[in-house]
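Please open the model in a viewer and keep the selection panel at hand. The tour proceeds by selection, with a note on what is found at each stop.

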Protein chains: 2
Amino acid sequence: MLIDETHPVTADLRLPKVLAALADPARLLMVRALNRVGESSCTRLQQTAGLTISRSTFSHHQRVLRESGVIQVRVSGSQRILSLRRDDLDACFPGLLNAVLHTASKFIET
Amino acid sequence: MLIDETHPVTADLRLPKVLAALADPARLLMVRALNRVGESSCTRLQQTAGLTISRSTFSHHQRVLRESGVIQVRVSGSQRILSLRRDDLDACFPGLLNAVLHTASKFIET
DNA sequence: CGAATACATCGATGGGTATCGAACAGTACG
DNA sequence: CGTACTGTTCGATACCCATCGATGTATTCG
């Protein structure tokens with residue numbers, strides 16, 4: 001199920017791209033926060049994840065996560081609702097998302 | 001158990017570093033080849049993994065994998081024997097290594 | 001000792017990327 | 001309509017990184 005042309009279809013997901021998307025500390029926080037709240041708008045997620053970055057930088061990270069296939073973006077009024085592509089990720093990379101989500105926080109902080 | 005000062009101890013492993021190390025296609029091939037053969041010297045692993053890169057580039061990748069904690073390097077005569085740090089990775093990031101190792105090849109190739 | 005093997009390191013280069021502020025575009029609302 | 005809100009895009013900057021050839025170092029072997 002393709003959302004639109006800005007999201008890759010499941011068959012086009014690639015492990016190196018996904019790993020690179022998850023390798024950034026800010027994006028890792030976004031993904032783990034999304035897992036807790038289910039779905040969220042950009043502004044709200046930025047607060048939930050505790051990110052002190054500019055809105056343009058957040059937008060950049062959102063794009064990287066979306067283009068790698070990690071998250072899904074749905075438009076609702078004036079805001080974009082972000083959510084994890086759990087099923088697609090589990091189908092392509094079994095166990096990967098869970099491993100990233102369940103890693104202890106002490107192994108993430110610098 | 002610390003090998004030497006060029007390897008991080010288990011408590012110092014960090015998820016973003018490990019993910020970044022695994023996010024490169026060449027290094028991903030090295031890790032998956034290491035999983036098949038158990039352990040291997042540099043020259044032999046380069047052939048096993050089917051990598052057509054220069055020796056200096058291979059040495060660079062080996063260093064990244066080592067400094068992130070993904071692999072272990074042991075000196076044996078004039079050669080270095082590489083192997084995965086399975087137990088340490090499983091202890092810090094349960095399920096991550098298996099997920100990377102068991103991902104279908106079609107999701108790795110470009 | 002001398003030659004060959006196995007890797008590491010250095011310096012250079014080109015391409016990627018994280019970051020920001022400023023400017024832009026769409027929606028909601030009074 | 002005009003203001004506020006939500007988010008994207010653009011251009012610039014600084015930094016990181018993958019790659020290579022050349023050089024250096026240690027080990028093995030004859």
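A residue is taken to be near a strand if one of its heavy atoms lies within 4 Å of it. The model toured here is predicted.

**First stop: DNA strand C**

Select DNA strand C and the 21 residues around it; those that come nearest are Thr57(A), His61(A), Thr43(B), Arg55(B) and Ser59(B). Of the strand C atoms that come within 4 Å of the protein, 67% belong to sugar and phosphate.

Colour this surface by secondary structure. At least two residues each are supplied by helix 4 of chain A and, from chain B, by helix 3 (42-48), helix 4 and strand 3 (79-84). Helix 4 of chain B provides the largest share, five residues. Colouring by class instead shows 14 polar, five charged and two nonpolar residues.

Next, display the side chains of three residues of chain A. In His61(A), a side-chain N or O atom is 2.4 Å from a phosphate oxygen of DNA strand C. For His60(A), the corresponding distance to a phosphate oxygen of this strand is 2.8 Å. Ser56(A) places a polar side-chain atom 3.1 Å from a base oxygen of DNA strand C.

**Second stop: DNA strand D**

Which residues come nearest to DNA strand D? Among the 21 residues around this strand, they are Thr43(A), Arg55(A), Ser59(A), His60(B) and His61(B). Sugar or phosphate contributes 69% of the strand D atoms within 4 Å of the protein, and bases contribute the rest.

Helix 3 (42-48), helix 4 (55-68) and strand 3 (79-84) of chain A, with helix 4 of chain B, each give at least two residues to the surface near DNA strand D. Helix 4 of chain A gives the most, five residues. By class, this surface near strand D holds two nonpolar, five charged and 14 polar residues.

Now select Ser59(A), whose polar side-chain atom lies 2.6 Å from a phosphate oxygen of DNA strand D. From chain B, His60(B) has a side-chain N or O atom 2.6 Å from a phosphate oxygen of the strand. For Gln62(A), a side-chain N or O atom is 2.9 Å from a phosphate oxygen of DNA strand D.

**Third stop: a helix pair in chain B**

Select helix 1 (residues 15-22) and helix 4 (residues 55-68) of chain B, whose axes come within 9 Å and cross at roughly 155°. Angles over 145 degrees count as roughly antiparallel, and these two helices of chain B are therefore roughly antiparallel to each other. Their crossing is left-handed. Show Lys17(B), Val18(B) and Ala21(B) of helix 1 with Val64(B), Leu65(B) and Ser68(B) of helix 4, which make the contact. These residues comprise four nonpolar, one polar and one charged.

Notes
Residues numbered from 1 in each chain as written. Chains lettered and ligands numbered in written order. Predicted model: local features only at pLDDT ≥ 70, side-chain atom pairs only at ≥ 80, totals over all residues. Heavy atoms only, no water. Axes fitted to C-alpha atoms, helices over the stretch in contact; angles between N-to-C directions. Helix = DSSP H or I, 4+ residues; strand = E, 2+ residues; numbered from the N terminus. Parallel < 35°, antiparallel > 145°, perpendicular 65-115°, else oblique. Left-handed = near helix turned anticlockwise from the far one by under 90°. Contact = heavy atoms within 4.5 Å. Nonpolar A, V, L, I, M, F, W, Y, C, P; charged D, E, K, R; others polar. Polar contact = N/O pair within 3.5 Å; in protein donor to acceptor, adjacent residues only side chain to side chain.
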